[in-house]
Every structure is written in structure tokens, then in C-alpha cells.
Amino acid sequence: MLSQEDFIETAEKYMDTIFRVAFHYLKSQTEADDITQEVLLKLYHTEKVFESEAHIRNWLIRVTVNCCKKAFLSPWQKHEPLENYVDKLPFLTPEHSDLFYMTMELPRKYRLAIYLYYYEDYSTEEIAGILHIPKATVATHLHRGRELLKRKLTEENNHV
């Protein structure tokens, strides 16, 4: 069990990661905020003994994905247009913004794998463990997601 100080430190360190994973999964800021709170409450109440920082991080992402799956099945789940958050999402360049929106248009399974791989620096093996799917499935999701992004980028460049 984490001490009060350890909990606060861990919560501050991983709050943004939890939110980003939930946002990529659900495409809703409100729901991502709720999931973030729920996951942090689970962390606060857990009796689990964590072996390392990587163990905590993996556990938090796994719990986040599970909470997102549960929320997604809820009849109250709703999607909010991404355009509502344009001013709230900081991007270094317009290209980063375009890539974010193209990624968010991908099917969830590809979007989540790409996010965990490229933004959270997880390996395909680690993603497989977090999502409880075979490593080959993660590789397929990454490959298909990249292909879809490549197609979208090619189409966009042809329209310019």
C-alpha cells in the first residue's frame, strides 16, 4: 500500500498519462476526467505492492484501459467533437495538430496501440501485456494504424 506522500507523488506524476490514455480511448474530455479520478481512487485504495516505477505505470494504464472499456459499454457514454478542445490542446506545430486529429480518427484499437507505442514509449510486448492481447495482434494494430495514417496523409497532400 502506498503512503500518503507516495500516492500524491505518483498521482501527480501519472495523472496526465492516465488522462491521455482515457482520452484516446473514449474521445471525450469529460469521460477522460472521470476515468482519471476513478483510476486514482483505485490507486489510493489498492493494497497492491508495486515492485518498480514500471510496474506502477503498467498497472495504472491497465486499470485505465479496463475503466475505459467499462465506460464505453455504458449506455450513458457519449462522444464529444474534438473541435471543442482545439484551444485546450497545445501543439508545437500545425503538423503535430494535424497528425493528432488524424490519429484520433483511427479505430480505437489502432489509435490506442499507436498512442502507447509512440507517445508512451511502450514496446509491442509491453502493450500486449497491458491490453491482454497477443504481441502479434499489437504488431498488426500498429501496422494497420500506420497504413491508415499513411493513406490519410497521402490523400491530404494530394488535396493541397
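These legends describe close-up views of a predicted model.

**View 1. The whole protein is built from helices.**
The protein has seven helices and zero strands. Read from the N terminus on, its elements run α-α-α-α-α-α-α. The chain holds 160 residues, and buried ones make up 40% of them. The protein exposes about 9700 Å². Carbon and sulfur atoms supply 55% of that area. Now take the contacts with a sequence separation of 6 or more: residues 24 or more positions apart account for 68% of these.

**View 2. Helix 1 packs with helix 2.**
Helix 1 covers residues 4–26, and helix 2 covers residues 29–45. Their axes are 8 Å apart. The packing angle is about 145°. The crossing of the two helices is right-handed. Which residues of helix 1 meet helix 2? Among them are Phe7, Ala11, Met15, Ile18, Phe19, Ala22, Phe23 and Leu26. From helix 2 come residues including Ala32, Ile35, Thr36, Val39, Leu40, Leu43 and Tyr44. The residues of this contact divide into 14 nonpolar, four polar and two charged. Gln4 in helix 1 and Gln29 in helix 2 also take part. So do Glu31 and Asp33, both in helix 2.

**View 3. Ile35 sits in the largest nonpolar core.**
This core has 43 residues. Which of them touch the most other members? They are Ile35, Leu60 and Leu116. Several elements give two or more residues to the core, among them helix 1, helix 2 and helix 3 (53–73). Helix 4 (94–104) and helix 5 (108–119) do so as well. Helix 6 (124–131) and helix 7 (135–159) complete the list. Look next at Ile35. Leaving aside neighbours within four places in sequence, Ile35 is in contact with Ala22 and Leu26. Ile35 also contacts Thr64, Cys67, Cys68 and Ala71.

**View 4. Thr64 is a buried residue in helix 3.**
Is Thr64 buried or exposed? Its relative accessibility is 0%, so Thr64 counts as buried. Beyond its neighbours within four places in sequence, Thr64 is in contact with Ile18, Val21 and Ala22. Thr64 also contacts Ile35 and Val39. Compare two distances for Thr64 and Arg20. The two are 44 residues apart in sequence. In space they are 9.9 Å apart, C-alpha to C-alpha.

**View 5. His24 is a buried residue of helix 1.**
His24 has 6% relative accessibility, so this residue counts as buried. What does His24 contact, leaving aside its neighbours within four places in sequence? The partners are Phe100, Met104, Arg111 and Tyr115.

**View 6. Thr103 is buried in helix 4.**
The relative accessible area of Thr103 is 4%. The cut-off for buried is under 20%, so Thr103 belongs in that class. Setting aside neighbours within four places in sequence, Thr103 is in contact with Arg111, Ile114 and Leu149. Arg111 is also a contact of His24.

**View 7. Two loop residues have a positive phi.**
Most residues other than glycine have a negative phi. Lys27 is not a glycine, yet its phi is positive, about 60°. Where is Lys27? Its place is the loop between helix 1 and helix 2. At 22% relative accessibility, Lys27 counts as partly exposed. Asp121 also has a positive phi, near 60°, and is a residue other than glycine. Asp121 lies in the loop between helix 5 and helix 6. With 62% relative accessibility, Asp121 counts as exposed.

**View 8. Thr137 of helix 7 is paired here with Ala113.**
Thr137 lies in helix 7. Its relative accessibility is 27%, so Thr137 counts as partly exposed. How far apart are Thr137 and Ala113 in sequence and in space? They are 24 residues apart in sequence. Their C-alpha atoms are 9.9 Å apart.

Definitions and conventions:
Residues are numbered from 1 along each chain as its sequence is written. This is a predicted model: local features need pLDDT of at least 70, side-chain atom pairs count only at pLDDT 80 or more; totals for chains, interfaces and linings use all residues. Side-chain values use heavy atoms; hydrogens and water are left out. Axes are lines fitted to C-alpha atoms, for helices over the stretch in contact, and angles run from 0 to 180 degrees between N-to-C directions. Helices (H or I, at least four residues) and strands (E, at least two) are DSSP runs, numbered from the N terminus. A crossing is left-handed if the near helix is turned anticlockwise from the far one by less than a right angle, and right-handed if clockwise. Contact means heavy atoms within 4.5 Å. Ala, Val, Leu, Ile, Met, Phe, Trp, Tyr, Cys and Pro count as nonpolar, Asp, Glu, Lys and Arg as charged, and the others, Gly among them, as polar. A nonpolar core is a set of buried Ala, Val, Leu, Ile, Met, Phe, Trp, Tyr and Cys residues joined through side-chain atoms within 4.5 Å. Buried means under 20% relative accessible area, exposed over 50%, partly exposed in between (1.4 Å probe, protein chains only). Accessible areas come from the Shrake-Rupley method with a 1.4 Å probe; for residues, only the protein chains shown count as cover.
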